[in-house]
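Dear colleague,

I am handing over the structure below, together with some notes on what turned up when I went through it. Please read the notes with the coordinates open beside you.

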Amino acid sequence: MTYAEDGKPQADLVESLVNGFLTEQDARAVADRYPETYGSVVSWIREAAEAGDWTRVGKFTNLAAPLRVAGLDGVVQGILDSGAPGCNAEDLVEILGEVGGASAVACLFRVAERSASEDAPAYWLCQKAIASLGEIGAPQAFEGLRRMTASSWPDVVRWHAAAELDIEEELGFDEDRMLA
């Protein structure tokens, strides 16, 4: 663990500067003030997740995302795959869409599969996964979205996946019926 001149852990000092959504400029200002952030924030996220400190995980992922810190997608995927209770899965799914590449597709699809049985009636987490898959835009992401239009998925999920692919009319989906 890195300590500042006053003996406080560097992570604590950085965390105190992070509140809510950060623009790239805000995140860079924090990281420029504490340059160790670039090389340490992923381990800080991992440590916070292991401790179940989801507020800290949220702060550090919100800092790391606009910085495009190496390894962020891997640690976020690990947290999501763990199914840890208490983590803000919706925010983490959005972050994967923002920073994840094709490697995040399988994780996002698994999150949607797991949440489909418990996310009714609006399927918010599934909708976030769908949007993130669309944002990634890799062929694997589009294949996952296509699979989510199958009749085995809830109608709301099928509609949103088809809308993300812009094929809802091609599939003959009636928006009023699908979202009822």
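The structure, which is a predicted model, holds 2 aromatic pairs. In one of them, the ring centres of Trp 44 and Phe 60 are 5.2 Å apart with their planes at 40°, and the pair therefore counts as tilted, since that angle falls neither under 30 degrees nor over 60. Trp 44 sits in helix α3 (residues 37-50) and Phe 60 in helix α4 (residues 54-67), so that this pair links distant parts of the chain, 16 residues apart. Both of these residues, Trp 44 and Phe 60, are buried.

The other pair is formed by Phe 109 and Trp 153, and it is edge-to-face, with 5.6 Å from centre to centre and 65° between the planes. Because Phe 109 belongs to helix α7 (residues 105-116) while Trp 153 lies in the loop between α9 (139-147) and α10 (155-165), this pair ties together parts that are 44 residues apart in sequence. Phe 109 and Trp 153 are likewise buried.

Turning to the chain as a whole, its secondary structure comes to 11 helices and 0 strands, and its C-alpha atoms fill a box of roughly 65 × 30 × 25 Å along the principal axes. Of the 180 residues in the chain, 47% are buried, and the accessible surface comes to about 9,000 Å², with 47% of that area belonging to carbon and sulfur atoms. Among the contacts with a separation of 6 or more, 55% are between residues 24 or more positions apart.

The largest nonpolar core has 63 residues, of which Val 41, Ile 45, Leu 63, Leu 80 and Met 148 touch the most other members. If its neighbours within four places in sequence are left aside, Leu 63 is in contact with Val 14, Val 18, Leu 22, Ala 27, Val 30, Thr 37 and Val 41.

Helix α8 (residues 124-136) allows a check on geometry: at 1.5 Å a residue, its 13 residues should span 18 Å, because the expected span is taken over one less than the number of residues, and the end C-alpha atoms are indeed 18 Å apart. The buried residues of α8, among them Leu 125, Cys 126, Ile 130 and Leu 133, pack against α6 (89-99), α7, α9 and α10. After α8 comes Gly 137, which has a positive phi, near 70°.

With best regards

Key. Residues are numbered from 1 along each chain as its sequence is written. This is a predicted model: local features need pLDDT of at least 70, side-chain atom pairs count only at pLDDT 80 or more; totals for chains, interfaces and linings use all residues. Side-chain values use heavy atoms; hydrogens and water are left out. Rings of Phe, Tyr and Trp (its six-membered ring) pair if their centres lie within 6.5 Å; planes under 30 degrees apart count as stacked, over 60 as edge-to-face and the rest as tilted. Helices (H or I, at least four residues) and strands (E, at least two) are DSSP runs, numbered from the N terminus. Buried means under 20% relative accessible area, exposed over 50%, partly exposed in between (1.4 Å probe, protein chains only). Contact means heavy atoms within 4.5 Å. A nonpolar core is a set of buried Ala, Val, Leu, Ile, Met, Phe, Trp, Tyr and Cys residues joined through side-chain atoms within 4.5 Å. Accessible areas come from the Shrake-Rupley method with a 1.4 Å probe; for residues, only the protein chains shown count as cover.
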